[in-house]
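I set out to record, entry by entry, what I looked up in this structure. The notes follow the order in which I consulted it.

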Amino acid sequence: MPARSKKSSDPWRRSTQKDVGQFDAEFLLGLYRDMLRTRALDTRLEALYKQGKLVAGCYSSRGQEGCSVGSTAALRDDDVIGPMIRNLGSMLRHGLPMTSVLSNYLGRVTGPTKGRDGSSHFGSLEHNVIGPVSMLGSLIPVCAGAALSFQLRGEDRVALTWIGDGGSNVGDFHEGLNFAGVLKLPFVLILENNKWAYSTPIEYQTAAKNFVCRAEGYGIRGDQVDGNDVLAMFQCTRDAVERARAGEGPTLIEADTMRMRGHAIHDDAKYVPQEQVKSWGKRDPIQKFEAQLEKEGLLDGGTDGDVSKSIAAEIKAEVDRCTEEAMAMPLPTGDAETELGDVYA
Ligand SMILES: Cc1ncc(C[n+]2csc(CCOP(=O)(O)OP(=O)(O)O)c2C)c(N)n1
Ligand SMILES: [Mg+2]
């Protein structure tokens, strides 16, 4: 890993207000909209869980919307993503319809798993989304394999996946990243350092000063970025994706962020110090970006009124409509012939 000089290219300094002006309004408002869509859907899923309407657990990505949306925005539609449970925003940004996501969580036959996994372990190959693999770390060799297929076919596509701080301590992390480094695969791995793995804080996960230093051990590039700054997240991933497409191999990106709920909604996270939650509450990715857009005058619709209010209203209508559509869909019948339909052996 080329050590990044603190002065010239400190990644934490990416995305200044000056940078915002380099992007067109449509792109910036698109990032904003997708973070809001993620938050709104996440909030709805939490409510449905508490109403007993979800058929399994609910893992919130609240506070981590910038990581998912910013990184996925750096990709083309034909690139492959492998989201983990807190990457709801990447699924939406990569084109998975909101009704499909809700249908899966509600266990409906119209969801990507046809009601067989009622939680977050689903993907859609039609949208180039590989579903989360429950065994932490296993998605890394899977996505490195997708990157290998692009390389062998001479396609300039990229595979990108995410891993948590906790998940980065398993063997598959090492094997997948080492493999990607040796073969210089067009692969990007985003390590979301959200400070907790269930109730285990990062001090009990690694003796290293950070997670990104591991990149050096694999001979690959490593970057650190403010995961709650959606534009910095975009810029850092875009650079990694450009290098990957140019045949320069994989990048490990450590995103500094915070899990703002328990491991899942059933966990009240009493073990997390309140001070930590409070201080990260002040770094909320949506509020942070909203302030940047306001400074640019992008949320002031002039005679059209308040842009953020109209976007919020549009999104509320979308979440309501998609929830209704998904709720109206049937549950699996349970008859053996249908349910064994996709079983290979
Ligand atoms: C190999 C493996 N070990 C343990 C688990 C159980 N488990 C599921 S999520 C989780 C915590 C993950 O923490 P982290 O990787 O930091 O991701 P976060 O939940 O913070 O997003 C654990 C221990 C698992 N799924 N796979
Ligand atoms: Mg974690």
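The entries below go from the overall chain to the ligand sites and then to single residues.

**Entry 1: overall form.** I note at the outset that this is a predicted model. I looked up the secondary structure of the protein chain and found 14 helices and seven strands. I then checked the radius of gyration: a compact globule of 345 residues would have a value near 20 Å, and the protein chain has 20 Å, so the two agree. Along the principal axes, I read a C-alpha trace spanning about 60 × 60 × 45 Å. As to burial, 54% of the 345 residues count as buried.

**Entry 2: helix α4.** I asked how many residues of helix α4 (residues 65–72) are buried. The count is eight of the eight, so I record the helix as largely enclosed by the rest of the structure. The buried residues of α4 include Glu-65, Cys-67 and Thr-72.

**Entry 3: the magnesium ion.** Which protein atoms serve as donors of the magnesium ion (ligand 2)? I found Asp-165 listed twice through OD atoms, together with OD1 of Asn-194 and the O atom of Trp-196. These protein donors lie 2.0 to 2.7 Å from the ion. The site has six donor atoms, and the angles among them run from 49 to 171°. I therefore enter its geometry as irregular, since six donors count as octahedral only if opposite donors are over 155 degrees apart and all others between 65 and 115. In sequence, the spacing of the donor residues is D-x28-N-x1-W. Asp-165 sits in the loop between β2 (159–164) and α8 (171–182), whereas Asn-194 sits in the loop between β3 (187–193) and β4 (196–197). The pair is 29 residues apart and links distant parts of the chain. I also looked up the burial of the two, and both Asp-165 and Asn-194 are buried.

**Entry 4: ligand 1.** I found 13 residues surrounding ligand 1. The closest are Arg-86, Ser-134, Asp-165, Gly-167 and Trp-196, and Asp-165 and Trp-196 also appear among the donors of the magnesium ion. I then read three polar distances. An oxygen atom of ligand 1 lies 2.7 Å from an N or O atom in the side chain of Arg-86. A nitrogen atom of ligand 1 lies 3.1 Å from a polar backbone atom of Leu-136. For the side chain of Asn-194, the distance from an N or O atom to an oxygen atom of ligand 1 is 2.8 Å. On its own, ligand 1 has 580 Å² of accessible area, of which the protein covers 69%.

**Entry 5: Gln-205.** I located Gln-205 in the loop between β5 (200–201) and α9 (214–217). Is Gln-205 buried or exposed? Its relative accessibility is 14%, so I count Gln-205 as buried. Its side chain joins that of Asp-165 through a polar contact of 3.1 Å. The side chain of Gln-205 also reaches the backbone oxygen of Thr-200, at 3.1 Å.

**Entry 6: Cys-213.** In the loop between β5 and α9 I also looked up Cys-213. Its relative accessible area is 22%, so I enter Cys-213 as partly exposed. Cys-213 and Asp-223 are ten residues apart in sequence, and I read 8.9 Å between their C-alpha atoms.

**Entry 7: Arg-37.** Lastly I turned to Arg-37, which lies in helix α3 (residues 25–50). Arg-37 counts as buried because its relative accessibility is 13%. I found a polar contact of 2.9 Å between its side chain and the side chain of Glu-318.

How values were computed:
Residues are numbered from 1 along each chain as its sequence is written. Chains are lettered from A and ligands numbered from 1 in the order in which they are written. This is a predicted model: local features need pLDDT of at least 70, side-chain atom pairs count only at pLDDT 80 or more; totals for chains, interfaces and linings use all residues. Side-chain values use heavy atoms; hydrogens and water are left out. Donors are N, O and S atoms within 2.8 Å of the metal (3.2 Å for Na, K and Ca); water is not among the atoms, so sites may look incomplete. Four donors count as tetrahedral if all angles lie between 85 and 135 degrees; four count as square planar and six as octahedral if opposite donors are over 155 degrees apart and all others between 65 and 115; anything else is irregular. Helices (H or I, at least four residues) and strands (E, at least two) are DSSP runs, numbered from the N terminus. Buried means under 20% relative accessible area, exposed over 50%, partly exposed in between (1.4 Å probe, protein chains only). A residue is near a molecule or strand if one of its heavy atoms lies within 4 Å of it. A polar contact is a pair of N or O atoms within 3.5 Å; within protein, one must be able to donate a hydrogen and the other to accept it, and residues adjacent in sequence count only if both atoms are side-chain atoms. Accessible areas come from the Shrake-Rupley method with a 1.4 Å probe; for residues, only the protein chains shown count as cover. The radius of gyration is taken over C-alpha atoms; the globule rule is 2.2 Å times the number of residues to the power 0.38.
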